[in-house]
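Subject: Structure for you to look at

Hello,

Here is the structure I said I would pass on. Please open it first, then read the notes below it.

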Amino acid sequence: MRPVDPEDRGEGRGPVRYGPSALPDEGLPVLPELSAALTAAAGRTRRAPAGAVLGADPALRDAACGYWRRRGLPSSPGRVAAAPGAPMLLLAVAAALGGDVLVPRPCAAWWLPSARLLGRPAFTVPTPAECGGVPDPYALLETVRRVRAEGGDPRLLMVSVADDPTGTVAPPEVLHETVEAAAGEGLHLLSDETWRDTVHAPHETVVVSPAEMLPERVTVVTDLAGAYLPAGWPAAIARFPAGAAGGVLHARVLDVLTALDARIADPVAAAAVRALDEPDPVTARVAAAVRLHARLARAVHAVVTGAGALARPPRAGRHLYADLGPFRAALATRGVSDAQELEDFLGARMGVPVPGGHRFGDDLGALRVRLSTADLLGGTDQERAEALRCPQPLELPPVRRALISLRSVFGDLRDDAQRWEPPR
């Protein structure tokens, strides 16, 4: 079975090894309480001893354990690691485990590059109809069988219950089937739970971690840029399983992080501790940001589907994944036949980055893109802060202009597609 090849892009086309920035930006001003924590630690100029912020720093370790405990995942301080961003943690876990990597298709833009950096084969597995973020269990079993039959050694499966790029949340029953299939094949799971705190309707959506279903074989990773810190302050935490195997993996990961000198800067670590403690200002800000992006995502979804494109309803995060396949004939007249050309075309028309599906491990020939809701918020901190406070953010001039522009672009594609429909 052929692994994903970043250079498999056709004649005259350069390789696309790396996707867009790891996480869609929140697009909002920094919370003052977090700025204060960072500023207070800015005078720490003495270099910390090796491992101090790689899981052994007491404040960060305890804050991470408290964060997970409040989500039903009891954690031991001796099974926590931290690094400047989730990609560094994935790199360390994949290096420590060895073997081949399996990911759902599509997947977060930073998953596949980490595997490629290690020279590891990476195989994508289709997702079920209900959601992204987890592979279809039957497709997973077939992929593992084929890889092993051809001499491969699959060991690590990446999943995300609240998913980037699709913005969906995996139903517990679907997740359970996938976890059972992975356990039966002896795979270790890395659960990316960066977006679990951005679920749009938390009282209506059940979010279950794979670590609750298979605690001895699941490592949980959370990048704090998902809900808590600005993307420019890289910090992520990892929770390793209890038991002997989890202890060995944790120790190996710390070795890799130490070898890479993968430390979180002291001021950022201080802000991370403050965020993970979840005081009232932090939880209130997270809730307000989630409400705002949920409304924006629903508006974008309405525009996209109203024009005739396809997209699952977004349930988490600040993004959604649109399939423009119904416009293929119309796009072909504009010189657009694959995801890279679609990315270029929409980026030029909309004036913001619109990464194509190939950035997320999807087929190059599929006409899919990820749309970010942060791009609707305006260009200044004042405009973005107003959107956060406003009870009717869709009526604000910057948001309204952005939605009109989006509606115009997709309306033109719809009109072109109707002109190219064959007569009945």
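**A three-stranded sheet and one of its residues**

Two bridges join β8 to strand β9, residues 319-323, and these two strands run antiparallel. Please keep in mind that this is a predicted model.

The sheet itself is open and has three strands, in the order β8-β9-β10, with antiparallel pairing. Its edge strands are β8 (310-311) and β10 (368-372), each of which pairs on one side only. As background, the strands of a sheet pair through backbone hydrogen bonds, and the pairing can be parallel or antiparallel. Between β9 and β10 there are five bridges, again in the antiparallel sense.

Which residues face each other across the strands? On the β8 side, Ala311 has Ala322 of β9 as its bridge partner, and Leu310 stands opposite Asp323 in β9. On the β10 side, Asp323 stands opposite Arg368.

Next, the strand β9. In a regular strand, side chains alternate between the two faces of the sheet. In β9, His319, Tyr321 and Asp323 point one way, while Leu320 and Ala322 point the other way. Is β9 enclosed or open to the outside? Five of its five residues are buried, so β9 is largely enclosed by the rest of the structure.

Asp323, which lies in strand β9, is worth a separate look. Why does Asp323 count as buried? Its relative accessibility is 18%, and buried means under 20%, so Asp323 falls in that class.

What does the side chain of Asp323 reach? One partner is the backbone nitrogen of Gly325, at 2.8 Å. The side chain of Asp323 also makes a polar contact of 3.3 Å with the side chain of Arg368, the residue that stands opposite Asp323 in β10. If neighbours within four places in sequence are left aside, Asp323 is in contact with Ala309, Leu310, Leu367 and Arg368.

Finally, the helix α10, which covers residues 280-306. This helix has 27 residues and reaches 39 Å from its first C-alpha to its last, close to the 39 Å expected at 1.5 Å a residue. After α10 comes Gly308, with a positive phi near 110°.

To find your way in the viewer, start at Asp323 in β9, then go across to Leu310 and to Arg368 in β10.

Regards

Terms used. Residues are numbered from 1 along each chain as its sequence is written. This is a predicted model: local features need pLDDT of at least 70, side-chain atom pairs count only at pLDDT 80 or more; totals for chains, interfaces and linings use all residues. Side-chain values use heavy atoms; hydrogens and water are left out. Two strands pair if DSSP finds at least two bridges between them. Helices (H or I, at least four residues) and strands (E, at least two) are DSSP runs, numbered from the N terminus. The expected span of a helix is 1.5 Å times one less than its number of residues. Buried means under 20% relative accessible area, exposed over 50%, partly exposed in between (1.4 Å probe, protein chains only). A polar contact is a pair of N or O atoms within 3.5 Å; within protein, one must be able to donate a hydrogen and the other to accept it, and residues adjacent in sequence count only if both atoms are side-chain atoms. Contact means heavy atoms within 4.5 Å.
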